[in-house]
Amino acid sequence: MSFLWAIIAGLIIGLVAKLVLPGRQPIPLWLTVLLGIVGAVVGNALASAFGVRETGGIDWIRHIFQVGIAALLIGLVSPMWARRRTHA
């Protein structure tokens with residue numbers, strides 16, 4: 001069941017990260033989900049490193065880290081994906 005939650009979280013985090021970035025990111029949905037999952041995992045680790053603990057409400061700081069990392073990854077991967085698609 002945790003695998004399914006990782007996919008759902010990756011989808012949400014990846015889509016929010018794409019919304020935060022300016023312009024169009026020509027990457028497929030599966031890559032958005034994958035980068036969202038990586039962003040969630042790295043964002044959790046980064047939040048823990050900064051001492052962010054579990055909270056009773058919405059853990060905004062952790063989510064900001066997750067979306068920020070996913071946005072960074074999408075921003076890095078998008079130009080490479082677009083370049084790859086034009087050379088094919």
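**Exercise 1.** In this predicted model, decide whether Trp 81 is buried or exposed.

*Solution.* The relative accessible area of Trp 81 is 16%. Buried means under 20%, so Trp 81 is buried.

**Exercise 2.** Decide whether Trp 30 counts as buried or exposed.

*Solution.* Trp 30 has a relative accessibility of 53%. The cut-off for exposed is over 50%, so Trp 30 counts as exposed.

**Exercise 3.** State how many aromatic pairs there are, and classify the pair formed by Trp 30 and Trp 81.

*Solution.* Step one: the count comes to two aromatic pairs. Step two: a pair of aromatic rings is described by the distance of the centres and the angle of the planes. Step three: for Trp 30 and Trp 81 the ring centres are 5.9 Å apart and the planes stand at 80 degrees. Planes over 60 degrees apart count as edge-to-face, so this pair is edge-to-face. Step four: Trp 30 belongs to helix α2 (residues 29-49) and Trp 81 to helix α3 (residues 60-87). The two residues are 51 residues apart, and their pair links distant parts of the chain.

**Exercise 4.** Classify the pair of Phe 50 and Phe 65, and say where each residue sits.

*Solution.* The centres of the two rings are 5.5 Å apart, with 15 degrees between the planes. Planes under 30 degrees apart count as stacked, so the pair of Phe 50 and Phe 65 is stacked. Phe 50 sits in the loop between α2 and α3, while Phe 65 is in helix α3, 15 residues apart. Phe 50 has a relative accessible area of 58% and is exposed.

**Exercise 5.** Describe what surrounds Lys 18.

*Solution.* First, place the residue: Lys 18 is in helix α1 (residues 2-20). Next, look for a charged partner: Lys 18 is buried yet has no salt bridge, and the nearest side chain of opposite charge, that of Asp 59, is 26 Å away. Then list its contacts: leaving out residues up to four places away in sequence, Lys 18 touches Gln 25, Ile 27, Thr 32 and Ile 74. Finally, consider Gln 25: its backbone oxygen lies 3.5 Å from a polar atom of the Lys 18 side chain.

**Exercise 6.** Summarise the chain as a whole, starting with how many helices and strands it has.

*Solution.* The chain has three helices and zero strands, in the pattern α-α-α along the sequence. Of its 88 residues, 33% are buried. Its C-alpha atoms fill a box of roughly 50 × 30 × 20 Å along the principal axes. The chain exposes about 5,900 Å², of which carbon and sulfur atoms supply 74%.

How values were computed:
Residues numbered from 1 in each chain as written. Predicted model: local features only at pLDDT ≥ 70, side-chain atom pairs only at ≥ 80, totals over all residues. Heavy atoms only, no water. Helix = DSSP H or I, 4+ residues; strand = E, 2+ residues; numbered from the N terminus. Buried < 20%, exposed > 50% of the residue type's maximum accessible area, 1.4 Å probe, protein only. Areas by Shrake-Rupley, 256 points an atom, 1.4 Å probe, with all protein chains shown as cover. Phe/Tyr/Trp six-rings, centres within 6.5 Å; stacked < 30°, edge-to-face > 60°. Lys, Arg positive; Asp, Glu negative; His and termini not counted. Salt bridge = Lys/Arg side-chain N within 4 Å of Asp/Glu carboxyl O. Polar contact = N/O pair within 3.5 Å; in protein donor to acceptor, adjacent residues only side chain to side chain. Contact = heavy atoms within 4.5 Å.
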